[in-house]
Amino acid sequence: MSVPARAAKPSSLARYDAMCRAIEAAYAVDEVKDIRDQAIALEVYARQAACEIRLRAERKAGKLSAKLERSPGGRPGKTRATMDRVSTKAKQLHAAGVTSRQAKNWEKLAAVPDEEFEMALEDQTTKPTTNGIIKANAMAVSVIL
C-alpha cells in the first residue's frame with residue numbers, strides 16, 4: 001500500500017505538467033473551468049489523505065511509545081557506564097522530538113479499538129482529529145459502564 005516518495009513524485013509532476021499544458025491549450029472558459037474543478041477535487045482528496053496518514057502515523061507512534069521501557073525509578077548508578085545504558089522512555093521520546101503530551105495523546109489514540117478508529121476515518125460528515133477520536137472513544141466507554 002505504501003509507495004516510496006521517489007516513485008510517487010514523477011507521476012505527480014507529470015500530472016501537474018499535463019494540467020498546465022491543458023490550461024495553455026484550452027480555448028474556452030468551460031474547458032478551463034473543468035480543469036479548475038478537477039484541481040479542487042484533487043486538493044480536497046489530498047487534504048483528506050494527508051489527514052488519514054497523519055492519524056495512522058500518530059496511532060502507530062502511540063503503540064510504539066506505549067511499548068517503550070520506562071525508567072526503573074530510584075537513583076541511577078554513579079558511574080558513567082551505568083548512566084549511559086539507561087535509555088528511558090522520556091529520553092527516547094525527546095530524541096525523536098516528541099513531547100510527553102503528544103506521546104500521551106497518541107497512546108490514547110492507539111488504545112481506541114480498530115473498528116472505532118476506522119469508522120472515524122470513514123465518517124464523511126466530520127474531519128477526524130486525534131482529540132475527536134479519543135473523546136468519542138471515551139464517551140462510548142462511559143456509556144457502556
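Biologist: I'd like to start from one residue. Which helix does N137 lie in?

Modeller: N137 lies in helix 7. Bear in mind as we go that this is a predicted model.

Biologist: Is N137 buried or exposed?

Modeller: The cut-off for buried is under 20% relative accessible area. N137 has 13% relative accessibility, so N137 counts as buried.

Biologist: And which residues does N137 touch, once its neighbours within four places in sequence are set aside?

Modeller: N137 is then in contact with V112, P113 and E116.

Biologist: E116 belongs to another helix, I think. How should I read a pair of packed helices?

Modeller: Here is the general idea: two packed helices are described by the angle between their axes and the distance between the axes. In this model, helix 6 (residues 114-122) packs with helix 7 (residues 130-144) at an angle of about 130°, and their axes are 11 Å apart. That angle makes helix 6 oblique to helix 7. The crossing of helix 6 past helix 7 is right-handed.

Biologist: Which residues make that contact?

Modeller: Helix 6 contributes E116, F117 and A120, while helix 7 contributes I133, A136, N137 and A140. So our starting residue, N137, is part of this contact. By type, the residues of the contact of helix 6 with helix 7 are 5 nonpolar, 1 polar and 1 charged.

Biologist: Let me try another pair. At what angle do helix 2 and helix 5 pack?

Modeller: Helix 2 (residues 29-67) and helix 5 (residues 100-111) pack at about 100°, with axes 7 Å apart. That makes helix 2 roughly perpendicular to helix 5. From helix 2, the contact takes in L55, E58, R59, A61, G62, K63, S65 and A66. Its partners on helix 5 are A103, W106, E107, L109 and A110. The residues of this contact of helix 2 with helix 5 divide into 7 nonpolar, 2 polar and 4 charged.

Biologist: Stepping back, how many helices and strands are there in the chain?

Modeller: The chain has 7 helices and 0 strands, and along the sequence its pattern reads α-α-α-α-α-α-α. Of the 145 residues, 17% are buried. Among contacts with a separation of 6 or more, 62% are between residues 24 or more positions apart.

Biologist: One bench question: how many disulfides does the structure hold?

Modeller: In general, a disulfide is a covalent bond between the sulfur atoms of two cysteines. This structure holds 0 disulfides. As for cysteines, C20 is partly exposed, at a relative accessible area of 30%, whereas C51 counts as buried at 9% relative accessibility.

Note on methods:
Residues numbered from 1 in each chain as written. Predicted model: local features only at pLDDT ≥ 70, side-chain atom pairs only at ≥ 80, totals over all residues. Heavy atoms only, no water. Axes fitted to C-alpha atoms, helices over the stretch in contact; angles between N-to-C directions. Helix = DSSP H or I, 4+ residues; strand = E, 2+ residues; numbered from the N terminus. Parallel < 35°, antiparallel > 145°, perpendicular 65-115°, else oblique. Left-handed = near helix turned anticlockwise from the far one by under 90°. Contact = heavy atoms within 4.5 Å. Nonpolar A, V, L, I, M, F, W, Y, C, P; charged D, E, K, R; others polar. Disulfide = S-S within 2.5 Å. Buried < 20%, exposed > 50% of the residue type's maximum accessible area, 1.4 Å probe, protein only.
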